[in-house]
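Here are some exercises to work through with the model open in your viewer. Try each task before you read its solution.

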Amino acid sequence: MTITINGTTGIAGVDGSAGTPAVQGTDTNTGIYYSGADAVNFAEGGVGYRIGFRNIPAVGTKTGSYTLATSDVGEYVQVGSGGSITIPDATFAEGDVISVFNNTSGNITITCTITTAYIAGTDSDKASVTLATRGIASILFISSTVCVITGNVS
């Protein structure tokens, strides 16, 4: 099978060696590469993007106050044995998504220091929301200063 990237056609195929190009583009910074552990990456202009997920990667379990970071994008944060989550302002980009799982027997607080935070389906800015016990919240960033929170929140 052949694939065309930026007008250059290459042969698709992965030999199983990490870093081996499956399809080479017009330069060494463009193409589709096997990156090991059954992952395939697309590189464009030296920036790599993983193609697809079979699961949502975990950030790890937080047991105290935790401020979301750009390294959490596309992953989920688990809160265990108490703690709280803070959504910072002017940090994330449009389309970034982070999920939060409350793995405690009580509610936790998500503090919204971001300029504007909405609960999906409402039109009022929230300074904080409550994530119910064993609840999941997904945070979709509309811009660096606006997000929408869905899930078991009030």
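**Exercise 1. Find the strand that holds T67, then describe the surroundings of T67.**

Step 1. T67 belongs to strand β8; strands here are DSSP runs of E with at least two residues, and they are numbered from the N terminus. The model is predicted, so local features need pLDDT of at least 70 and side-chain atom pairs count only at pLDDT 80 or more, while totals for chains, interfaces and linings use all residues. Residues are numbered from 1 along each chain as its sequence is written, and side-chain values use heavy atoms, with hydrogens and water left out.

Step 2. With a relative accessible area of 42%, T67 is partly exposed. On this scale buried means under 20%, exposed means over 50%, and partly exposed lies in between, with a 1.4 Å probe and protein chains only.

Step 3. Setting aside neighbours within four places in sequence, T67 is in contact (heavy atoms within 4.5 Å) with D72, T86 and P88. The C-alpha atoms of T67 and S84 are separated by 8.5 Å, and these residues lie 17 apart along the chain.

**Exercise 2. Work out the strand order of the open sheet of four strands, and say which strands stand at its edges.**

Step 1. The order is β8-β10-β12-β14, and the pairing is mixed. Two strands count as paired if DSSP finds at least two bridges between them.

Step 2. The edges are β8 (65-67) and β14 (128-131); each has a single partner strand, so one side of each is left without a neighbour in the sheet.

Step 3. On average, neighbouring strands of this sheet are turned by 20° against each other, direction ignored. The axes behind this angle are lines fitted to C-alpha atoms, and angles run from 0 to 180 degrees between N-to-C directions.

Step 4. Now look at one pair: β12 (residues 108-112) and β14 are antiparallel over four bridges. Within this sheet, I110 stands opposite V129 in β14.

**Exercise 3. Do the same for the open sheet of six strands.**

Step 1. Its order is β7-β9-β11-β15-β16-β13, again with mixed pairing.

Step 2. β7 (58-62) and β13 (116-119) are the edge strands, each with a single partner, so one side of each has no neighbour in the sheet. Neighbouring strands are turned by 20° against each other on average, direction ignored.

Step 3. Take T116 in strand β13. T116 is buried, at 16% relative accessibility. Not counting residues up to four places away in sequence, T116 touches D125, T145, V146 and C147.

**Exercise 4. Which strands pair with β15, and which way do its side chains point?**

Step 1. Five bridges join β15 to β16 (residues 146-151), and the two run antiparallel. A hairpin of four residues links β15 to β16. Bridge partners include F141 with C147, and A137 stands opposite G151.

Step 2. β11 (residues 97-103) also pairs with β15 in the antiparallel sense, over five bridges. F101 stands opposite I136 here.

Step 3. In a regular strand the side chains alternate between the two faces of the sheet. Along β15, A137, I139 and F141 point to one face and are buried, whereas I136, S138 and L140 point to the other and are not.

Step 4. Follow L140, which lies in β15 (residues 136-141). L140 counts as partly exposed at 36% relative accessibility.

**Exercise 5. Locate two residues other than glycine with a positive phi, A90 and R134.**

Step 1. Most residues other than glycine have a negative phi, and most peptide bonds are trans.

Step 2. A90 has a positive phi of about 55° and sits in the loop between β10 (84-87) and β11. At 54% relative accessibility, A90 is exposed.

Step 3. The phi of R134 is near 55°, and R134 is found in the loop between β14 and β15. R134 is partly exposed, at 46% relative accessibility.
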